[in-house]
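Grab a pencil and work through the exercises below. Try each task yourself before you read the solution under it.

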Amino acid sequence: MDEEALRQDIAARKRDHIALARHSNRPKRNDFDRIFLVRPALPETTSNPANTECDFFGFRIQAPFFINAMTGGIKEGDSINQSLCRASERNGIPMAFGSASFVELNPGSLKGFVEARELTSQPVLVNVNANTDSGIVKLLVKSLDPIALQIHVNAVQELVMPEGGKDWRWKEKIGKIQEAAGIPVIVKEVGFGFDVKSIKELAEMGVGAVDVSGKGGTNFCDIENSRRGKGDFSYLSECGFSTVQSLFNARFARQLLSIPEGDPVPMPDVISSGGIRNPLDVLKSLALGAKWVGVSGEFLSTLLESGEEALAEEICEWKEQLSGLISLYGQPSASSCQQIPWICDVELESYAKQMARLVSPGEV
Ligand code: FNR
């Protein structure tokens with residue numbers, strides 16, 4: 001395929017993703033409903049609107065959640081990013097651009113990212129695929145001044161995507177991008193979650209954070225499957241670990257890394273994303289060990305259905321409600337929410353027990 005045809009192809013795919021994600025039926029219920037936080041009847045706290053504030057890679061932000069990667073590089077995508085950047089600015093939360101690897105093939109598309117970036121003084125994340133050239137990574141870091149770089153790993157999506165690649169040897173490439181970027185790197189899934197071994201390997205590679213982006217929200221198997229002419233993959237719709245299962249997996253990885261064996265390897269920060277529907281899902285993520293929480297589909301649908309003002313208001317409401325929830329559950333701040341005790345239903349308990357059995361050293 002010549003370069004112009006490839007450019008057209010990628011631009012069309014980005015348009016499809018927005019349209020299909022907008023009309024996709026995200027599940028109403030997901031594994032967050034299987035987690036029960038222990039609420040003290042005597043919380044001994046008082047209302048404190050600043051209790052949601054926290055650090056994000058050294059930058060003070062107003063809440064521990066952010067707008068996660070979706071789009072950019074095409075006209076519709078740039079306009080969405082402009083709205084998302086304005087919502088980030090108004091609410092003091094970070095915003096992640098969707099994949100900017102397209103800049104390699106279409107250098108003119110950098111301008112749209114730069115114009116949106118100028119609309120927020122909050123930290124932004126720039127997103128690339130693992131095959132992105134080091135020179136492009138450096139250009140993106142220089143032009144967009146991100147606080148960290150996201151590298152997406154999306155093997156299930158690539159398998160189902162009609163034009164998807166099948167070379168999934170990514171570890172060495174992630175290492176090269178990490179070197180070129182010179183800023184913390186976040187390795188993220190796109191809705192299929194993370195297993196224990198991969199998290200442990202990324203820790204050993206020294207990545208800054210892992211965004212587990214698990215099953216339970218936007219489903220890229222369904223989205224890519226609906227773009228296929230033939231060769232149905234709908235049986236993979238339930239593939240992957242849910243976000244909650246992935247957060248359990250991160251806890252197991254932390255345990256494995258803490259077993260003394262030479263120099264201890266620090267555990268990367270954990271980001272929870274995939275199926276975050278409301279501030280309670282944010283709180284549950286923090287209780288399960290996430291430091292920050294990413295939201296994509298929910299915010300995109302508010303923006304596209306109800307407009308930019310409605311999105312800014314929704315984020316403002318989430319901050320206020322999360323602040324109330326942090327106090328309700330007896331905590332002084334977002335960063336102490338890992339202390340909230342929790343229990344889960346039998347299905348998740350069985351998952352955790354079986355995974356614990358697998359996670360004896362050498363077996364995962
Ligand atoms: C995405 N997502 C995504 N992720 C990524 O790393 N790079 C990308 O370019 C995109 N593109 C993209 C487009 C659209 C329209 C959507 C809705 C999502 C995936 C996203 O960041 C997230 O991992 C998943 O959507 C799961 O989170 P939600 O949507 O359930 O909150």
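## Warm-up: two positive phi angles

Asp145 sits in the loop between helix 5 (134-144) and strand 7 (148-152). Keep in mind that you're looking at a predicted model.

**Exercise 1.** Work out whether Asp145 is buried or exposed, and look up its phi.

*Solution.* Start with the cover: the relative accessibility of Asp145 is 54%. The cut-off for exposed is over 50%, so Asp145 counts as exposed. Next comes the backbone: phi of Asp145 is near 45°, a positive value in a residue other than glycine.

**Exercise 2.** Now do the same for Glu44: find its loop, its phi and its class, buried or exposed.

*Solution.* First, the place: Glu44 belongs to the loop between strand 1 (35-37) and strand 2 (54-56). Second, the angle: phi is about 55°, so here's another positive value, although Glu44 is not a glycine. Third, the cover: Glu44 has a relative accessible area of 71%, so it is exposed.

## Around the ligand

**Exercise 3.** Describe the surroundings of the ligand, beginning with its polar partners.

*Solution.* Take the oxygen atoms of the ligand and look for polar protein atoms.

- Lys188 brings a polar side-chain atom to 2.8 Å from a ligand oxygen.
- Gly275 uses its backbone instead: an N or O atom there is 2.8 Å from an oxygen of the ligand.
- Ser99 also offers a polar backbone atom, 2.9 Å from a ligand oxygen.

Now ask how much of the ligand the protein covers. On its own the ligand has 610 Å² of accessible area, and the protein covers 95% of that. Which elements give two or more residues to the shell? They are helix 1 (3-23), strand 5 (95-99) and helix 12 (297-306).

Finally, count the neighbours. The ligand has 20 residues around it, and the closest are Ala69, Asn127, Ser213, Thr218 and Gly275. Sorted by class, the shell holds 12 polar, 6 nonpolar and 2 charged residues.

## Empty spaces

**Exercise 4.** Find out what lines the second largest pocket, and which helix gives the most to that lining.

*Solution.* Begin with the volume: the second largest pocket holds about 420 Å³ of space. Its lining has 21 residues, and those closest to the centre are Val153, Trp170, Phe194, Asp195 and Ser198. Helix 6 (155-160), helix 7 (171-181) and helix 8 (196-204) are the elements that each give two or more residues. Helix 8 gives the most, with 4 residues. By class, the lining splits into 12 nonpolar, 5 charged and 4 polar residues.

**Exercise 5.** How many cavities of 30 Å³ or more are there, and what lines the largest cavity?

*Solution.* The count is 1. About 40 Å³ of space lies in the largest cavity. Its lining is made of Leu247, Ala250, Arg251, Arg254, Val270, Leu288 and Gly289. Helix 10 (residues 243-258) supplies the largest share, 4 residues. Sort the lining by class and you get 4 nonpolar, 2 charged and 1 polar.

## A covered helix and a buried threonine

**Exercise 6.** Follow helix 11 from its cap to the residue just after it.

*Solution.* At the N-terminal end, Asn278 acts as the cap: one of its side-chain oxygens is 3.0 Å from the backbone nitrogen of Leu280. Along the helix (residues 279-287), 8 of the 9 residues are buried. Among them are Val282, Leu283 and Leu286, and also Asp281 and Lys284. Just past the helix, Gly289 has a positive phi of about 115°. You've met Gly289 before, in the lining of the largest cavity.

**Exercise 7.** Decide whether Thr120 is buried or exposed, then list its polar contacts.

*Solution.* Locate Thr120 first: look in the loop between helix 4 (110-117) and strand 6 (124-129). Its relative accessibility is 5%, so Thr120 counts as buried. Then trace its side chain. A 2.8 Å polar contact links it to the side chain of Ser88. A polar atom of the Thr120 side chain is also 3.0 Å from the backbone nitrogen of Gln122.

Definitions and conventions:
Residues are numbered from 1 along each chain as its sequence is written. This is a predicted model: local features need pLDDT of at least 70, side-chain atom pairs count only at pLDDT 80 or more; totals for chains, interfaces and linings use all residues. Side-chain values use heavy atoms; hydrogens and water are left out. A residue is near a molecule or strand if one of its heavy atoms lies within 4 Å of it. A polar contact is a pair of N or O atoms within 3.5 Å; within protein, one must be able to donate a hydrogen and the other to accept it, and residues adjacent in sequence count only if both atoms are side-chain atoms. Accessible areas come from the Shrake-Rupley method with a 1.4 Å probe; for residues, only the protein chains shown count as cover. Ala, Val, Leu, Ile, Met, Phe, Trp, Tyr, Cys and Pro count as nonpolar, Asp, Glu, Lys and Arg as charged, and the others, Gly among them, as polar. On a 1 Å grid over the protein atoms alone, a cavity is a set of points where a 1.4 Å probe fits but cannot get out, and a pocket is an open set with protein on both sides within 12 Å along at least five of seven lines; lining residues have an atom within 4 Å of a point. Grid points are joined across faces, edges and corners, and a volume is the space filled by probe spheres set on the points. Buried means under 20% relative accessible area, exposed over 50%, partly exposed in between (1.4 Å probe, protein chains only).
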